[in-house]
Amino acid sequence: YFQFTLNDDIYVIEKVLENDELYENPYSSLHLAKAIEYAETAPQNATQTQGSTVVIASGTTGQAANVNPSDCACPDLKADIELAGYCPQCPVTDSMRTALFELPGINDSMWTELSIWNRCFAKQIKTASVNIIPSRANYKYRYILQRDKTAPVAILYPSIGEGSSSHHLVVLAKLFYDEGYSVVMQGSHFQWEFAKSMPETYRPGMPAQDAQHLRLATSKILDSIEKKYEYKFKEKVLMGTSFGAMETLFIASQESKENTLNISKYIAVNPPIELVYAIKQLDDNNAQWNTDPDDLKHRVALTAAKVLKVAEMKNENAKIDTLPFTEEEAKLITGFIMHQKLSDLIFTLENSCKSKRCDIYETIADMNYQEYAKKYLLTGKYQNLNDINYESSLHSIAGYLRSNNNYKIYHTFNDYFVNKQQLVQLKTYAGNRVVFLNNGAHLGFLYRPEFIDSLKKDITMKNEQVVKAGETGEAKAN
């Protein structure tokens, strides 16, 4: 067991050494990572306070480890960015406002969509591929380059299951490009295209392992671009959203120990803090779409009509303060989308034949994200989801988060993939490197000017000699 005392309260974490499962009492979850981190060096069965320090005790032997009580404190979280007039609905519905994320000029052109003269921003983005693992499929990515061959480059990782053509990536690419960056857009590591380019035994889902594969892929992409166009990117920024944000931070931690990419700054937007908790939340919300199958078609039709209405309002640049979805309808939409992403990945991992009806279809239809983790991630020493909870959480890279200043995290108080205790712990790790928004749930604030203006400040280059795209005729895409 691990036991420590803080402000006269005793916290206990029991550890069953036979299988390394962890059992927490209700008061210890906030301090779980701290206890684990110092447990191996704590004295056997010693529980005491020493002045302003806390000594953690464990069932192992070793030298005493002192912990600053301020690391375990529970500060009141305050919003760093207030979204005026946001009018929150429910977290799932608010998260759907991510579809409102847009910037002018992405698809604007005086020419028709199919015209060869249509040179809107989206049309200038190129597609290429690179081989990562011999004998496996090439990995596709997208990019747009500044004319300046030494311009900085932004590497973008999207949310779970998204491909390199994700609309969010295009909007973020436009934002970076307008600030003078070349941009590389990769798909999610938890997506069928990435899986096909990886070793056949690869099963995405463990952040540290996924980060290693992403680092390799990103390195080969950047090398390919630099060689083909004779570029030398002078500065590199990596930005990820949602599950891509979590990978961004894991890569930052690994790069701090072994620098292979020379990235100068990392930006993570709404990263899950504990992956096991996040996928449980995901499954709870996704379960809504498959309830009452007899009425499913009717509910889908009604919800789809509302989706089309929102799309029309967006195209007409109408002001949208709230979305016309109930919580049930929001869960129906997001659940269906997330289930489809998972299905595509499983189909690829199982290397199933599309032209033939087989048992895999039943497996896909019934599997959720927790069942995916149990089937594909629980191998070797891992027996249940509790076994991977620490390794798949940001607690496992707390050392990096405390000790480095080359990253920034954006989070919200009502993101349904996290809870308040996790946010408090993140604050103790990151300090002022985490920025909290008072609303927006999971990525439902990307469209707000408050966030866009803050992000622009993060990425504005200090070198005033760099010409921003559009200010002169010299900064154009290759």
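Visitor: Are Phe445 and Phe451 buried or exposed?
Guide: Both Phe445 and Phe451 are buried in this predicted model. To be called buried, a residue must have a relative accessible area under 20%.

Visitor: How many aromatic pairs are there?
Guide: The count comes to 17 aromatic pairs. One of them is formed by Tyr229 and Tyr231.

Visitor: What makes the pair of Tyr229 and Tyr231 edge-to-face?
Guide: Their ring planes are at 70° to each other, with the centres 6.1 Å apart. A pair needs centres within 6.5 Å, and planes over 60 degrees apart count as edge-to-face. The pair is therefore edge-to-face.

Visitor: And why is the pair of Phe445 and Phe451 called edge-to-face?
Guide: The planes of Phe445 and Phe451 lie at 80°, and the ring centres are 5.1 Å apart. The angle is over 60 degrees, so this pair is edge-to-face too.

Visitor: Why is Tyr229 called buried?
Guide: Tyr229 has a relative accessibility of 17%. That is under 20%, so Tyr229 counts as buried. Its partner Tyr231 has a relative accessible area of 5%, so Tyr231 is buried by that cut-off as well.

Visitor: Which residues do ring pairs link into a cluster with Tyr229 and Tyr231?
Guide: Tyr141, Tyr143 and Phe233 are linked with Tyr229 and Tyr231 into a cluster.

Visitor: How do you know that a charge sits over the ring of Tyr376?
Guide: The charged end of Lys375 is 5.4 Å from the centre of the Tyr376 ring. The distance has to be within 6 Å, with the charge within 35 degrees of the ring normal. Lys375 is accordingly said to sit over the ring of Tyr376. Likewise, the charged end of Lys174 sits over the ring of Phe121, 6.0 Å from its centre.

Visitor: How many disulfides does the structure hold?
Guide: There are 0 disulfides. A disulfide would need a pair of cysteine sulfur atoms within 2.5 Å.

Visitor: What makes Cys87 partly exposed?
Guide: Cys87 has 38% relative accessibility. Partly exposed covers the range between the 20% and 50% cut-offs, so Cys87 falls into it. Cys90, with a relative accessible area of 12%, is under 20% and is therefore buried.

Visitor: Why are helices α4 and α16 called oblique to each other?
Guide: Helix α4 (residues 167-178) and helix α16 (residues 449-459) pack at an angle of about 50°, and their axes are 10 Å apart. Angles under 35 degrees count as roughly parallel, and 65 to 115 as roughly perpendicular. The angle of α4 and α16 fits neither, so the two helices are oblique. Their crossing is right-handed.

Visitor: And what makes α10 and α12 roughly parallel?
Guide: Helix α10 (residues 327-349) packs against helix α12 (residues 369-376) at about 20°, with axes 11 Å apart. That angle is under 35 degrees, so α10 and α12 are roughly parallel. The crossing of α10 and α12 is left-handed.

Visitor: Why is Glu327 called partly exposed?
Guide: Glu327, which lies in helix α10, has 40% relative accessibility. The value falls between 20% and 50%, so Glu327 counts as partly exposed. Its C-alpha atom is 8.5 Å from that of Pro91, although the two are 236 residues apart along the chain.

Visitor: What makes Lys280 partly exposed?
Guide: Lys280, in helix α8 (residues 275-286), has a relative accessible area of 34%. This too falls between the cut-offs of 20% and 50%, so the term applies to Lys280. From Lys280 to Tyr369 is 89 residues in sequence and 7.7 Å in space, C-alpha to C-alpha.

Visitor: Why is Ser135 called exposed?
Guide: Ser135 has 77% relative accessibility. Exposed means over 50%, so Ser135 qualifies. Ser135 is in the loop between β8 (126-130) and β9 (139-144). It has a positive phi of about 80° although it is not a glycine.

Visitor: Is Ala441 buried or exposed?
Guide: Ala441 has 0% relative accessibility, which is under 20%, so it counts as buried. Ala441 is in the loop between β15 (434-437) and α16. Its phi is positive, about 50°, although Ala441 is not a glycine.

Definitions and conventions
Residues numbered from 1 in each chain as written. Predicted model: local features only at pLDDT ≥ 70, side-chain atom pairs only at ≥ 80, totals over all residues. Heavy atoms only, no water. Phe/Tyr/Trp six-rings, centres within 6.5 Å; stacked < 30°, edge-to-face > 60°. Buried < 20%, exposed > 50% of the residue type's maximum accessible area, 1.4 Å probe, protein only. Axes fitted to C-alpha atoms, helices over the stretch in contact; angles between N-to-C directions. Helix = DSSP H or I, 4+ residues; strand = E, 2+ residues; numbered from the N terminus. Parallel < 35°, antiparallel > 145°, perpendicular 65-115°, else oblique. Left-handed = near helix turned anticlockwise from the far one by under 90°.
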